[in-house]
Amino acid sequence: MGTFDYFLVAGYGWSGSSAVVDLLKEYVNTFEADIEFRLIKDPYGIDNLYNNIFFKGDPLNYDTAIRDFIWYARKLYHTPKKLSFEAGLGYEQFFGKEFILTTDNYINSITDYKYTSTWWMFDFKKTKYEILKRKIKNKILRDKVNNDKMFLITISEEEFIQKTKTYINNLFYSYAEKYNARHIVLDQAVAIVNCIQEMRYIDECKLIIVDRDPRDIYADLLNGKNLLGYDLSETRDANKYVKWHHAWRRKNSQFINDPRILFLNFEDLVISYKSTVEKIEDFLGLKSEQHVKKKVFFNPDLSKKNIGIWKDILSEAELNILDNELKEYYVQ
């Protein structure tokens, strides 16, 4: 397998992390997946699997976690089509069928074997039709019908982490080869509040975290009606945003002195473009000569319009609340 590493980029929701992703697209030997890579941090993802295996240590819990991971991976894979009522994120279009094969190989590599069994949790997740069907079979056969397969795991923590790294490398290996990429850029691959633990699953990685003036985030949420914005657009309750803001940043102290993590403000990349780009290059080990498509994907002159939008949107009452609670996060 060829040698490549990972540049991770994460934000707090509407904080401008996509600007860094776009910037990194402009460098030679760097490949950006053009998807949000959510297999690690989301509910039912890899970190959930890890926690169930090594912290709960109950065969019933980690069997359920594996089942949930397989289910979620296939939902990520599915591409929603017109007149379809099944949701998905379309990983199929990016990874192709290899995604399912590689994922199944990963599950096989971390499990000892599957065995036929049953317990009441299975019925909790079955439809009424499925439960009725099983009961009819039991009645006819006059015995319990056990068609469920459970997973047994005795893998060590060290082996789990290494096999997970191999799994993620296998997903991106073909792209590293095809595009001669030495660096794979992953957008939103780890949750910021848990980034130290989640970075352990990705081989040779560095993380850039992007924040932004909370007044502009609040204004963008109102405009876009995403995340908390749906509620804020109706209530204009800035106190709700304050709590939301703190919830996303409650572990910020973990970034201090970690050489793998760089913390940036979106405004710095726009207003102090040259010096901030140099800081990013120094952190990632990139050279200025590799920046062959300058301002093709990220143009700071165009992004200036996204700074200070709060001035035309926030009421005096809303601004007073943010001033009292979040002033330490303001970008002057």
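Is D213 buried or exposed? In this predicted model, D213 has a relative accessibility of 3% and therefore counts as buried, the limit being under 20%. The residue is placed in the loop that connects β6, residues 205–211, to α10. A polar contact of 2.6 Å links the side chain of D213 to the side chain of R215. When residues up to four places away in sequence are not counted, D213 touches E267, Y329, Y330 and V331.

The chain as a whole consists of 332 residues, of which 47% count as buried. Its secondary structure comprises 16 helices and 7 strands. Taken along the principal axes, the box filled by the C-alpha atoms is roughly 75 × 50 × 40 Å. The exposed area of the chain is about 17900 Å², and 51% of this area is supplied by carbon and sulfur atoms. Contacts between residues at least 6 apart in sequence were also examined by their separation along the chain; 77% of them join residues at least 24 apart.

Helix α10, which follows the loop holding D213, spans residues 214–224 and packs against helix α12, residues 238–248. The angle between the two helices is about 115 degrees, and their axes lie 11 Å apart. The crossing of α10 past α12 is right-handed. On the α10 side, the contact is made by P214, I217, Y218 and L221, while α12 contributes A238, Y241, W244 and H245. By residue class, this contact contains 7 nonpolar residues and 1 polar residue, with no charged residue.

A second aspartate, D68, is found in helix α3, which covers residues 59–77. The relative accessible area of D68 is 13%, so this residue is buried under the limit of 20%. With neighbours within four places in sequence left aside, D68 is in contact with Y44 and K125.

Both aspartates thus count as buried, D213 at 3% relative accessibility and D68 at 13%. D213 lies in a loop, whereas D68 lies in a helix. The contacts of D213 beyond its sequence neighbours include E267 and Y329, and those of D68 are with Y44 and K125.

Definitions and conventions. Residues numbered from 1 in each chain as written. Predicted model: local features only at pLDDT ≥ 70, side-chain atom pairs only at ≥ 80, totals over all residues. Heavy atoms only, no water. Axes fitted to C-alpha atoms, helices over the stretch in contact; angles between N-to-C directions. Helix = DSSP H or I, 4+ residues; strand = E, 2+ residues; numbered from the N terminus. Left-handed = near helix turned anticlockwise from the far one by under 90°. Contact = heavy atoms within 4.5 Å. Nonpolar A, V, L, I, M, F, W, Y, C, P; charged D, E, K, R; others polar. Buried < 20%, exposed > 50% of the residue type's maximum accessible area, 1.4 Å probe, protein only. Areas by Shrake-Rupley, 256 points an atom, 1.4 Å probe, with all protein chains shown as cover. Polar contact = N/O pair within 3.5 Å; in protein donor to acceptor, adjacent residues only side chain to side chain.
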